[in-house]
Amino acid sequence: MRRHWLAGLIALSLPMAAQAQDKPILADVFRDHAVLQRDRPVPVWGEAKPGETVTLSFGSARVTALTDATGHWRAELPPLSAGGPYVLTASAGAVKQTVSDVLVGDVYLCSGQSNMEWNLKDTIGAAEQIATSQNPTIRMMTVQKTQAFTPQSHFLAPTEWQTASPATTPNWSAVCYNFARDLQTHVNVPIGLINASWGGSKIQPWMSRAALQKVGGYQADLDVLDTYAADRSQAAQVYGQTYIRWWQAAGGPGTPWAVTPQALTGWAAVPDVSRNFEDWGVKALSDYNGPLWYALTVKLTAEEAKQGATLSLGAIDDIDLTFVNGVAVGYTSAPADARHYKLAPGALKAGDNVIVVQAVDLWAKGGMFGDAVRELRLANGTAKPLQTGWRYWQPPQNVRFPPTAPWDPTGGLITLHQAMIAPIGPYALTGALWYQGESNTGEAAKYEALMAGLMADWRQQFGPDTAFLLVQLANFGTIPTAPVESGWSGVREAQRRAALNDKRAAYAVTIDIGNPLDIHPRDKLTVGKRLSRAAQSLIYKASLSPSGGVPIEATRANGQVSVRFAHLDGALKTSDGQAAVRFELCGEGVGSCQYAEARLAGDMLVLSGPSVASATRVRYCWGDSPVCNLTDATLPVSPFEIAVK
């Protein structure tokens, strides 16, 4: 007889302690309070002694596996119906591991950057949502933020499964939790959530080496990443040359990384190197985000210059690229980490040595800060203090944000996949939630291929039927008053196309719930509900559209362009009762778009204007933070671009 799992859970005293064991046999993801995927074979794996037989028991199921020559093993539990709690036991020789309070239900991986990472306690309506979050059938494992230069089989920091309660949910991913909470009102099964996200991260660090190689264009940077793993100083020099080429191509003035002692006198004096530059009382820096160049000279004798040395600079917010005598010696992107860069013999010279630091501030406070010792310590132990004498220069807008190094955890390649996704192994999932793209708005043309590549990549790991639910970027930034090009719109369109071109993907529209002044919209409840709706349609086959109205064709006739929509919930309308706005008719090339008048006609929208005859594209709701008003009975129509037939 099927167990009444919900009633049993309410009566259950949690947590149940795992039995003691000599060492773990099961992989890290199998811990107390875990949720296993229902209705399909469930891979289970781990490590024991080579050649040992591992016996698994779970409910009425009992399976065995033999470890290979390296001690690794893998088995499959048979498909199980939703329920629990169960105990998962693994035995190998005299070693036994017990994992308690395990449920069977639907499991989702939640990943992306800060809007996925954003905690529930910092959202609109948090107090009520937290107070009512007691639910032992929703569980979350949060993967700690780490990076690795080779694929890992174990998490590099401790992880645990937690059950939803007012004590745990404040620090949970708000989008991930709100998705599960809403979904469970429609699909009455336990929900397991694995949150692996990192604020500011691009999509490329979340992809495997093979996936990026398949997309193409990343091999040179992957080679530099391999160099970094073996020799950080050499990798810094290689990246330094990449940076210099970028600076020159971007039209950066001069060569600040190789500033001469004479030219340095033209830079301004740093008021206090222990304080962030926003706190210097300099108006131009009071709310500045971007790079600031610091430099000073150190005089050495010929004997001193022959030695190797260690350059210590203290903490730098957020990213530094450091040069000595025009040669890059280090790059770090951890704001709180003190910088210590090794200098090989030959890096220094007799006379004036120029140390130059480009400090890139991404948000909030920036630059050097703190009271750490700043010095150049020679191999013989002599220390040259670097606490005073710094000068600075603020570069122009066109070189505001340089390319990141391949080993940068959030802006580089593959290292988050290797540390935070690879250790999840082939854990059985229903799907993945992906909220990311803000950090890729400067390279929107690549994003559709990257998104498709990530979905294919993760399906290699988690199974070919893994569903993907994408969050389309919300409105943020400049409100356009005329047709403009926009990296934010480019990523939104790439997300839309990537989802529509994948039979196991859907997306949630958020263009109406952002904040032009805040990249972190606080309404995560609506985002979670829209992802839940997308899941209900895509995965659970509910009779509703996943994302609202979708344009399916644009045709020209009788001096007008008509756009036809499908997947509508009711008729097209406008949210404010006024005419539909922010429709553009575009020709070929940049700068060819013009606003058009729009008229609603059932499932059609008819556009007119002087550019109808030359139009090859229709764009809607284009710009960083556009004001647009087309909707159906339930959801806003997504921003889009579509060719005119």
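So, helices and strands to begin with: this chain has 13 helices and 34 strands. The radius of gyration is 28 Å, close to the 26 Å that the globule rule gives for 645 residues, so the chain is as compact as a globular protein of that length. Please keep in mind that we are looking at a predicted model.

Let me give you a feel for the whole chain. Measured out along the principal axes, the C-alpha atoms fill a box of roughly 85 × 80 × 45 Å. Of the 645 residues, 56% are buried. Now, contacts. If we take those between residues at least 6 apart in sequence, 76% of them join residues at least 24 apart. As for the surface, about 25800 Å² is exposed, and carbon and sulfur atoms supply 53% of that area. What about charge? The chain carries 53 positive and 55 negative side chains, and the centres of these two sets lie 2 Å apart.

Now let's zoom in on one residue, D28. You'll find D28 in the loop between α1, residues 5-11, and β1, residues 35-37. Is D28 buried or exposed? D28 has a relative accessible area of 14%, under the 20% cut-off, so it counts as buried. Its side chain makes a polar contact with the side chain of R31, at 3.5 Å. And which residues does D28 touch, once we set aside neighbours within four places in sequence? Those are M141, H154, F155 and T159.

Next, some backbone features. Most peptide bonds are trans, and most residues other than glycine have a negative phi. With that in mind, have a look at four spots.

Two of them are cis peptide bonds. One runs from G84 to P85, with omega near 5°, and P85 is found in strand β6, residues 83-92. Another joins D317 and D318, where omega is about 0°. D318 sits in the loop between β13, residues 309-317, and β14, residues 319-324.

The other two concern phi. H567 is not a glycine, yet its phi is positive, about 60°. You can spot H567 in the loop between β26, residues 560-566, and β27, residues 573-574. C621, also a residue other than glycine, has a positive phi near 60°. C621 lies in the loop between β32, residues 617-620, and β33, residues 630-631. How accessible is C621? Its relative accessibility is 0%, so C621 counts as buried.

That's my tour; thanks for listening!

Methods:
Residues are numbered from 1 along each chain as its sequence is written. This is a predicted model: local features need pLDDT of at least 70, side-chain atom pairs count only at pLDDT 80 or more; totals for chains, interfaces and linings use all residues. Side-chain values use heavy atoms; hydrogens and water are left out. Helices (H or I, at least four residues) and strands (E, at least two) are DSSP runs, numbered from the N terminus. The radius of gyration is taken over C-alpha atoms; the globule rule is 2.2 Å times the number of residues to the power 0.38. Buried means under 20% relative accessible area, exposed over 50%, partly exposed in between (1.4 Å probe, protein chains only). Contact means heavy atoms within 4.5 Å. Accessible areas come from the Shrake-Rupley method with a 1.4 Å probe; for residues, only the protein chains shown count as cover. Lys and Arg count as positive and Asp and Glu as negative; His and the chain ends are not counted. The place of a charge is taken as NZ of Lys, CZ of Arg, CG of Asp or CD of Glu. A polar contact is a pair of N or O atoms within 3.5 Å; within protein, one must be able to donate a hydrogen and the other to accept it, and residues adjacent in sequence count only if both atoms are side-chain atoms.
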